[in-house]
Each structure stands twice: as C-alpha cells, then as structure tokens.
Amino acid sequence: MTTEAQHDQPTSRTYFLVLVGLLILLALTVGAAFLKIPGHTWGMIIALTIAFAKALLIALYFMHVKFSHKQVAAFAAAGFVWLGILITLTASDYITRNHPASMNYKGEPRYLQSDYPGR
Amino acid sequence: MSQLTALEHDSYPAEQFEDTQQQSLAATLGMWTFLATEVLFFGVLFTGFYMYRMRWPDAFADGAKDLKWYLGGINTAVLLGSSYFVALAVEAARSGDRRRIVRNLLIAIALGVMFIGIKFTEYGIEYHDHLVPSLNFSSVSPEGQPRATQEQIFMTYYFVMTGFHALHMIVGLCVLAVIAFFARRGKFSAAYHNPVEIAGLYWHFVDLVWVFVFPTLYLLRHP
Amino acid sequence: MTTGTVPYIPAVEVEERETYLNVSGKIRSWLLTRDHKRIALLYLISITFFFFIGGAAATLMRLELMTPARDLVRPETYNRLFTIHGVVMVWFFLIPAVPTTIGNFVIPLMIGARDLAFPRLNLASWYLFVFGGCFTVAAIVLGGVDTGWTFYTPYSSVYSNTNVVLTIVGIFITGFSSIFTGINFIVTIHTMRAPGMYWRRLPLFCWSLYATSCILVLATPVLAMTVTLLAIERIFHVPIFDPNRGGDPLLFQHLFWFYSHPAVYVMIVPGFAVVSEVVACFSRKRVFGYWFVAGSSIAVAFISFLVWGHHLFVAGMSMYGGIVFSFLSFTVAVPSAIKVFNWTATMYNGSVSLKTPMLYALGFIGLFTMGGLTGVFLATLAVDVHLTDTYFIVAHFHYIMVGGMVTAFLAGIHFWFPKATGKMYPEWAGRIAAGLIFFGFNLTFFPQFILGYLGMPRRYAGYPEEFHLLNVMSSAGASILALGYVMPLVYLIWSIKYGKDAGPNPWKAMGMEWTVPSPPPKENFTKIPVVTQEAYAYHMMTPQGGDGPILPPAPPGERVEGGKPVDVEWSKQ
Ligand SMILES: [Cu+2]
C-alpha cells in the first residue's frame with residue numbers, strides 16, 4: 001500500500017487543512033441544529049450529510065484511502081454499502097407499516113402502560 | 001484484531017509472506033475488513049435508533065434536548081484533534097522519525113483520555129438529571145417538565161452507543177500506548193512501520209464513528 | 001498444476017519424510033500451532049463433538065415424536081431440546097463446518113501459499129470458538145434455553161427464565177471467531193495467491209469461500225450487536241424491544257434475520273464450493289461455465305442480504321414490505337439454479353466415476369434442488385401464510401442444511417481425507433454410508449413436507465393421532481440417518497491407522513493441493529509454484545482423457561507437453 005503511492009503522500013500541511021475543514025463542518029452541523037426547521041426529515045438530512053462529509057475527509061486523508069491501493073477503497077466502502085442495505089430495507093417496512101402505536105405519545109398510544117413496573 | 005495484526009512480526013516479513021510489500025498490503029486489507037465489520041456492528045445501533053426515531057419523534061427530540069450538546073460538541077473537537085495527531089504520528093513513522101512518533105502519539109493519547117473524562121462527566125450529569133433508564137429514570141425532569149416513557153428508549157440507545165464507543169476508545173488508547181512504547185524502544189523505522197499505520201487506522205475509525213454518533217444523539221432536536 | 005507425459009515417480013522415502021503431522025507430536029505443539037492444516041484438524045475435532053451434541057438432542061426429539069402423546073419428555077424439556085439442537089447445529093457445526101476445516105486446510109494449498117495471511121489470528125479464532133462453545137455447553141448443562149435458536153423478543157428478553165444470557169455470550173464469542181476466519185480468508189485470497197494464479201484461474205472452491213467470507217464479515221457483526229442488545233434489555237431491564245414500553249419486537253426480527261438469512265448461505269455456499277471441485281474431478285471434465293459458477297457464488301452472497309424479510313411475513317410486518325421481500329426472495333432462485341444446471345452440464349458427456357465423494361455430491365445436487373424448490377413456495381407471500389411454522393418449513397431447511405450442507409461436508413471430508421492423512425478409506429464402506437445417509441435422510445424429512453402441508457405445527461412435543469404414521473416414518477428414517485453418520489466416523493478413524501497409502505493424488509485431480517505429497521509438509525511448498533493453467537484443465541490431462549498423473553510443480557519455463565507449452569488461457573473455452 002505504502003510503496004505504491006509513496007510519491008504523493010499527504011504532507012503535514014494537508015493534515016492541518018483537513019483538521020480545519022473538520023472543525024468548520026462541526027460548527028456548521030451544530031449551527032444547523034439550532035435553526036428552526038419544521039419536521040424532523042430535513043434536520044436529519046442536514047446532520048447526516050455533514051456527518052458523511054466529515055467521514056469522507058477522515059477516510060480519504062487521515063486514513064489514506066485516497067493514497068492507497070484501489071482495493072482499500074472498495075473494502076472501505078463495503079461496510080457502508082451494506083449498512084445502507086440494512087437501513088433501506090428495514091425502513092421499507094417501518095415507513096409503510098400502519099403501526100397502531102405510531103400516533104403522538106401525548107395522544108395515549110394504544111398499548112403503552114406508563115406505569116409499567118419493569119420486571 | 002489490531003493488536004494481533006500489530007504483533008504478527010517475529011520476523012519481517014513473516015514466514016508466510018514472500019516480501020514486505022505483500023505483508024503490508026495484507027495487514028492493511030485485514031484491518032479494513034475488520035473495520036467493515038465494525039461499521040455494521042455500530043450500524044445496528046444506528047438502524048434501530050433511526051427506526052425508533054421515526055416512530056417516536058417527540059420523545060426522541062426531547063431526549064436530544066435533555067443531553068448537553070456543548071459537551072458532545074467539545075468532545076467531537078477533542079477527538080478530531082486526537083485523530084490529527086495520530087495522522088502526524090503515522091507520517092513521522094514513514095520518515096522513520098522516532099521522537100516525532102512518540103510525541104504525536106502522546107498528545108493523541110492525552111486528548112483521548114480527555115474525551116473519556118468529559119464523557120464520564122456527562123454520564124454523571126445524566127445520572128444527576130434522572131435520565132438513566134431502569135436505574136433512576138424519572139418521568140419528570142428536574143425542571144418539572146414531563147418526560148415521555150419512550151424517552152427511556154432514547155436514553156438506552158444513548159448509553160449503548162456512547163458506551164460501546166467509549167469501549168472502543170479505551171481499546172484504542174491501549175493500542176496507541178503499546179505502539180508509543182515500541183516506537184520509543186526504536187522498533188519502527190522508515191522500512192518497517194506497519195503497526196503504526198494499522199493502529200492509526202483503528203483510531204481514525206473510532207473518530208469516524210463518533211462523527212456519526214454526535215449529530216444522531218445530540219443534534220436532532222426537532223420532532 | 002501442470003500436466004505432462006513424464007510418468008510420476010512415487011516417493012520411496014515415505015516413512016522418513018517430514019509432514020505437518022509428524023513435525024512434532026507434543027500436545028503443546030498442537031495447541032500453539034500456527035499451521036493452517038493443524039488448526040483445520042483442531043476445528044474438525046471440535047465441530048464433530050458439537051455435531052454429536054446437536055445430534056443427541058435431535059435423537060431425543062425424534063424419540064418423543066414416535067408417539068402422539070407427550071410421554072417421553074415434558075413439553076418444557078422439549079423446548080430446551082429443539083433450542084439446543086438449533087443453537088449447536090447452526091453456530092457450532094454448520095457455519096464453521098466447511099470453512100474452518102476443509103477451507104482452512106485447502107485454501108492456502110489451492111492458491112499456492114505457505115499459510116493463511118494471519119496464522120495467529122487463525123489460531124485465536126479456534127480458541128474463541130472453543131471458548132464460546134464452553135459457554136454454550138455450560139448453558140446446556142445448567143438447564144438449557146427454551147427460546148428456540150432465534151431468541152425472539154420479548155419472550156427471550158423479558159419472560160423466559162432459562163439461561164438466555166449465557167447462551168448469547170457463547171454465540172457472541174463464536175461470532176467473532178467466524179468474523180476472524182472470514183477476514184483471514186478474504187485477505188489470504190486477495191494477497192497470497194501464487195504467481196500466475198489470476199482471479200480467472202482461481203479454483204471455484206476459493207471463489208465460493210470468498211463469497212462465504214464476505215457474508216461472515218458483513219453479517220456476523222449484526223448478529224453480535226443484536227444479541228448484545230437483547231442481553232442488555234434482559235440484564236438491565238431497559239426498554240429496547242419490549243412492546244410494553246414502546247419498543248418494537250419486529251426490530252429484533254429484522255436485525256436477527258439480516259444476519260440469519262445470509263447465515264443460511266454461509267451454511268450452503270461452502271457446500272457449492274466442495275461440490276464444484278468434486279463434480280469436475282469425478283466427471284473428468286472442465287467445469288461448465290466457470291464464470292457463471294464463480295459469479296453465481298458472489299451473486300448468491302449478495303442477494304442473500306436483500307431477502308431477510310420473508311421470515312417476517314406473518315409477524316406483523318408492513319404488507320408493502322412483505323411484497324418487496326417476497327419479490328427479492330424469488331431472485332435467489334436464479335443463481336442457485338445456475339449452479340445446479342452447470343453441475344449437471346459438467347457431468348454431461350463426462351466420464352463419471354461414482355466414487356464416495358461423487359455419490360455425496362450427487363446426493364447434494366438432488367437434495368439441494370428439493371430444498372431450493374420448496375423454498376420458492378415459502379417465498380410466495382400468500383402460500384407462506386399457510387405454511388409458516390409448520391413442518392413444511394422444518395423439512396425445507398433441513399433439505400438445505402442437512403441434505404445440502406452436511407452431505408457436501410461429507411463429500412469434502414472424503415475427497416480431501418487422503419490429502420490430509422495420506423491414507424485411503426475403504427471405498428465400499430464409504431459407498432454404503434453415502435447410500436444410508438441419502439435413504440435415511442429422505443425417509444426422515446420427506447414425510448415432514450406432507451405433515452407440514454397437512455398443518456402439523458413445529459416445536460410441539462405432541463400431535464394429533466392422524467399424524468402418527470408419517471411421524472413414525474420420520475423417526476425410523478432418523479435412526480438410519482444416525483447410523484449413516486456414525487459409520488464414516490468409525491471407518492475414517494480406522495483408516496488413519498490401517499488405510500492403504502494414498503499417494504499425492506489418488507483421484508488424479510487437478511488443483512495445486514494435489515501436487516504436494518500427502519500429508520503435505522509443514523511449509524506446503526518447498527518453492528512457491530508458478531501457475532500456468534486454468535483450474536480445471538481435466539480435458540488436457542492426457543489424450544485419452546483422464547488417466548494422466550499430475551507432476552509436482554516445475555520451475556517456470558520448463559513446462560512443456562509434447563514440445564508445446566501448456567499455458568492455456570481460460571478464454572480458449
Ligand atoms: Cu431466509
């Protein structure tokens with residue numbers, strides 16, 4: 001891995017710029033959380049998009065995916081692709097399921113006992 | 001895994017390998033494969049969290065508001081910084097600069113310990129706020145606001161996610177400490193520094209997980 | 001790997017030669033070994049032990065079901081029996097069966113490597129396996145578990161008062177053992193192939209085990225975390241899956257089957273691996289459609305991740321989700337069918353010799369086809385509503401797992417036994433056992449299709465009078481099956497000491513593992529071979545087609561056959 005791409009290794013300066021970028025993204029995501037965005041969908045999309053951007057920076061530069069063998073990139077992506085499968089297909093059930101308890105909790109969900117004693 | 005990989009070097013290259021390049025690629029791919037399993041390991045928690053978030057949006061938004069977002073934010077910055085110093089240590093290892101490896105690793109370890117410290121302070125605050133499910137979860141917050149029963153699920157996910165992350169941090173800190181120790185003893189050189197890189201990968205991954213944990217738990221404050 | 005006209009000169013100094021077996025006889029040298037071949041044997045001993053534990057539970061269940069009344073064991077005991085049977089057979093036999101034993105043994109030999117990429121990790125994963133096994137055995141000894149091998153919540157996490165956590169700890173640890181094995185295989189196949197062993201020359205066994213390893217690596221962590229959540233809910237009484245406190249039991253089922261459906265393919269794809277090798281060797285023909293067989297292994301591994309929802313059809317999942325999963329489940333049939341067609345096409349016009357491994361392989365093809373076709377019934381949403389939780393399901397997955405995987409495992413054991421031990425087993429005994437297993441298996445499980453269709457539910461200790469005859473048939477078949485499984489254990493152990501010498505290549509098979517002496521030396525190859533040929537060049541062995549011996553690997557540049565170089569590109573097909 002190292003020997004093949006030794007010539008264009010990132011320098012300390014690259015690392016520092018990446019760190020600055022990560023901190024800026026951190027500030028952005030915290031700021032976005034305090035915007036009054038109605039509904040949870042957009043808040044989620046913004047938060048996760050920024051998180052992915054940060055993850056990409058970490059993986060490409062800190063973890064050297066950008067400077068490594070092509071196989072490494074495939075291996076790195078595999079976990080996320082499979083997690084995508086898990087989330088997408090599970091959500092295909094949850095989004096379309098007319099669940100009796102999906103109403104607001106303040107509206108007395110059907111089988112929720114607030115005095116449930118544990119075990 | 002990372003420890004095992006790091007230790008597979010009685011002779012270099014090890015007897016099953018033909019050359020050092022083959023060993024280096026094998027170690028890197030092995031670590032990445034392990035990290036792919038880790039993605040799915042944490043992925044289960046994210047899947048469950050987001051499914052429940054869709055079912056109980058109000059309770060989960062209230063849960064996020066009950067956490068201390070600034071502590072989470074500071075911790076994110078601390079961990080990103082720690083990752084930066086590990087990246088510098090790996091770079092130093094490539095040029096065979098032993099003193100720079102040790103110095104950068106020690107800074108990274110210090111930041112990691114700081115992360116753990118802040119995390120446990122946070123746990124203390126949550127205990128104090130009666131937010132620990134099945135231990136002292138209270139249906140009324142200290143400020144007198146009612147809490148939904150389902151907020152217990154949120155808090156369960158919070159403790160499981162951050163707990164497993166902290167566990168990985170502790171393992172990672174031990175690995176970095178071992179690497180720093182060997183680096184000080186002069187075990188690594190420009191020709192042989194694979195364990196530093198592998199340990200670095202693991203540490204960056206722990207950082208990467210936190211990058212997702214932080215917004216998921218702390219920042220989804222709107223129902 | 002190469003073929004030639006020079007006759008093979010048998011090794012004379014068989015007694016003195018150092019092999020991986022006699023390099024050191026100390027117990028310590030076995031327990032601390034990093035040799036993949038020795039670790040494979042350690043695994044083989046452990047999984048055989050677990051196979052007989054699981055088998056004992058099955059025997060008791062079949063005895064109970066001899067009569068309609070619940071007379072032999074109490075219903076609570078029966079629940080523990082089927083749970084033990086499921087847990088032990090799935091995690092401690094079927095999943096590790098082929099990969100950790102045969103795979104461990106032959107992958108480095110097949111690709112021309114000295115060992116796996118991480119030999120210590122390999123040993124560590126055996127220790128993890130045994131350690132996890134200890135927890136599970138402890139759970140059984142301390143009174144067992146009664147949740148079924150699926151651990152459905154909230155019964156397992158809130159109500160059951162048996163040793164759930166102990167069992168889960170065992171499964172968690174064993175899960176990491178399989179993850180490490182998977183990592184090892186993936187990295188080994190990527191980085192340790194000998195010069196010239198391009199992907200297009202990779203034996204189909206390695207392709208299938210590569211696919212299996214991908215499943216192990218990507219699915220097992222999901223199981224590990226899911227059962228951890230279950231244990232956390234059970235130990236700390238926090239809400240995760242408990243519907244009383246806003247949790248969703250279906251989430252557990254989603255996560256569990258995201259692992260466990262692909263895990264079914266962990267149990268069957270290695271079977272494909274073995275059968276591809278055996279069919280090609282005993283038909284003396286190149287595998288028909290190499291790329292289709294290799295590709296269908298990868299395809300099956302991928303599709304297996306998209307279909308888990310068919311286990312939730314009647315559990316309360318969204319109807320739309322059910323339709324999606326039903327459709328996706330049908331697609332699994334495509335790569336599976338490709339395999340079956342390609343194996344039969346390989347046999348067509350080949351010179352088929354019905355040696356023991358081939359008998360098992362033929363049994364595999366038939367039983368797997370039966371199991372696969374009945375799977376299509378179950379993937380059909382509406383039909384599944386009728387058949388869920390009946391003996392039809394039981395029969396279906398036993399056709400895949402026992403009829404398929406255990407048969408393939410035995411095919412592999414018989415195929416590579418001469419390589420591992422240097423001895424031959426008595427062929428007549430092998431054939432009788434193969435016949436007994438095929439007959440006993442069908443007698444055991446075919447009646448269960450009918451029972452299930454007639455509506456007999458699974459997991460009950462008693463049943464109505466009208467199911468008596470079919471159940472007696474099933475139990476009778478089980479006793480024949482049991483005899484069939486004990487036989488190889490006896491004659492294989494006997495053969496280790498008294499069997500005839502096998503020589504390096506008793507089957508005249510292609511494949512690099514047959515170019516080294518049997519048993520192989522510790523370092524596998526004195527010199528790393530150079531591969532110049534596709535994996536299944538059976539058609540090239542001799543002009544007569546199939547009696548030419550294989551030579552030990554020659555240095556590159558010296559490989560000629562009748563004056564012509566034998567480097568044959570795969571594309572010539
Ligand atoms: Cu399935």
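**Confidence, interchain helix packing and the copper site**

In this predicted model, chain B has an average pLDDT of 89, and 95% of its residues score at least 70. Within chain B, helix α6 (residues 151-184) has the highest confidence, with a mean of 95, while helix α1 (residues 2-7) has the lowest, at 42. Residues 1-9 of chain B stay under a pLDDT of 50; the model nevertheless gives this stretch 27 contacts beyond four places in sequence. For chain A the average pLDDT is 78, with 73% of the residues at 70 or above. Among the elements of chain A, helix α1 (residues 12-33) has the highest mean, 92, and α2(A) the lowest, 90. Two stretches of chain A fall below 50: residues 1-7, with 16 contacts beyond four places in sequence, and residues 101-119, with 37 contacts beyond near neighbours in sequence. Where pLDDT is low, predicted coordinates should not be read in detail.

Chains A and B are in contact through helix α2 (residues 40-62) of chain A and helix α7 (residues 194-219) of chain B, whose axes lie 9 Å apart at an angle of about 170°. The angle exceeds 145°, and α2(A) and α7(B) are therefore roughly antiparallel. On the α2(A) side the contact is formed by A:Ala47, A:Leu48, A:Ala51, A:Phe52, A:Lys54, A:Ala55, A:Ile58, A:Ala59 and A:Phe62; α7(B) contributes B:His204, B:Asp207, B:Leu208, B:Val211, B:Phe212, B:Pro215 and B:Thr216. This contact comprises 12 nonpolar, two polar and two charged residues.

Helix α2 (residues 20-55) of chain B meets helix α8 (residues 249-283) of chain C, the axes coming within 11 Å and crossing at roughly 150°. It follows that α2(B) and α8(C) are also roughly antiparallel to each other, and the crossing is right-handed. From α2(B), the residues B:Leu40, B:Val44, B:Thr47, B:Gly48, B:Met51 and B:Tyr52 meet C:Leu251, C:Leu255 and C:Phe258 of α8(C). Seven of the residues in this contact are nonpolar, two are polar and none is charged.

Helix α8 of chain C also carries C:His261, one of the protein donors of the copper ion. The protein donor atoms are ND1 of C:His261, NE2 of C:His310 and NE2 of C:His311, at 1.9 to 2.0 Å from the ion. Along the chain, the donors follow the spacing H-x48-H-H. C:His310 is located in the loop between α9 (290-303) and α10 (319-331) of chain C, so C:His261 and C:His310 tie together parts that are 49 residues apart in sequence.

Technical notes:
Residues numbered from 1 in each chain as written. Chains lettered and ligands numbered in written order. Predicted model: local features only at pLDDT ≥ 70, side-chain atom pairs only at ≥ 80, totals over all residues. Heavy atoms only, no water. Axes fitted to C-alpha atoms, helices over the stretch in contact; angles between N-to-C directions. Helix = DSSP H or I, 4+ residues; strand = E, 2+ residues; numbered from the N terminus. Parallel < 35°, antiparallel > 145°, perpendicular 65-115°, else oblique. Left-handed = near helix turned anticlockwise from the far one by under 90°. Contact = heavy atoms within 4.5 Å. Nonpolar A, V, L, I, M, F, W, Y, C, P; charged D, E, K, R; others polar. pLDDT = per-residue confidence, 0-100. Donors = N, O, S within 2.8 Å, 3.2 Å for Na, K, Ca; no water.
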